[in-house]
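Trainee: I am new to this structure and would love a close look at one part of it. Could you walk me through it slowly?

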Amino acid sequence: MSNSKLGLLVGLLLFMGAPRMAGAQNTEGDPDPYAMSVVDVEPTPTNMNDVRRIIGYPALAREAEIEGKVIVRVLVTEEGSYKKHIVLKDPHPLLTKAVEDKLPEISFSPAILKGQPVKVWVTIPFDFKLMRDEERPVAVYSYQRLKQMPKEAREMVTGLSLENQGLKKIPREVYDCIHLQALMMRKNKIREVPDELEFLPELQTLDLTDNALKDVPDWLYTPPAPRLILLSGNPIPEARQREILSERSKGVFFHAPSPEELSR
């Protein structure tokens, strides 16, 4: 990109709203956030997908149907870690705060100049766009189909029915389904519930009936956990079942629930 085009881009971003600095204070030797950076190797985020998944979509923003794109510039240190950031575009405080709270968790491969790691500013956009009902596929019914789908398509999936497929763990591809509302995994060989499921903000139903679970993590039955969790047919000790039910009396079942129980 030419210097004139870069200057025009920065000017447009500044016109959208006055930028503000957050994070560590300015120190001598920090590059100018508005100057063009010239490096041999650009920094590359190493965990961006995980951070985006953790950010999710703020519940209040979703309920109010707030959309927009947050744009930030992050100063990456010689070690590839976050130091501070500037907000270039703030479409709404709910969206911007959700991004700012998690920026320090982003890690990078450092920028390289003449064979040495250097500090550099990078621009990162975070796009918040609500998915309309007509854009959502109904469900996916096999692990094979899930694996074959491109990541962009998995992000649109709202229902997964992966029953009786001999799975020993929840497939990694499931965590790409950021709009997932129902995950049906009954009659597999699942031994543990991974913490990554906690970062699927829209998950409402989790069916793990007839698996090999001996315990479940605490987050699974504390807010904002899924509304319906089916765990019958797992070797979870009765004492642990009672402990879980003492924490959450509705929505968690260690037996096959009746229609009346499901409607409560």
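Where is H92 found?

Mentor: Happy to help! A word on the basis: this is a predicted model, in which local features need pLDDT of at least 70, side-chain atom pairs count only at pLDDT 80 or more, and totals for chains, interfaces and linings use all residues. Residues are numbered from 1 along each chain as its sequence is written, and side-chain values use heavy atoms, leaving out hydrogens and water.

Now to your residue. H92 sits in the loop between β4 (82-89) and α4 (93-102); helices (H or I, at least four residues) and strands (E, at least two) are DSSP runs, numbered from the N terminus. H92 is partly exposed, with a relative accessible area of 25%; buried means under 20%, exposed over 50%, and partly exposed in between (1.4 Å probe, protein chains only). The side chain of H92 reaches the backbone nitrogen of L94 at 3.1 Å. K69 lies 23 residues from H92 along the chain, and their C-alpha atoms are separated by 9.0 Å.

The helix after this loop, α4, also has a part in covering another helix. In α2 (residues 48-55), the residues M48, V51, R53 and I55 are buried. Their cover includes α4, together with β2 (44-45) and β8 (120-128). After α2 comes G56, with a positive phi near 60°.

Technical notes:
A polar contact is a pair of N or O atoms within 3.5 Å; within protein, one must be able to donate a hydrogen and the other to accept it, and residues adjacent in sequence count only if both atoms are side-chain atoms. Contact means heavy atoms within 4.5 Å.
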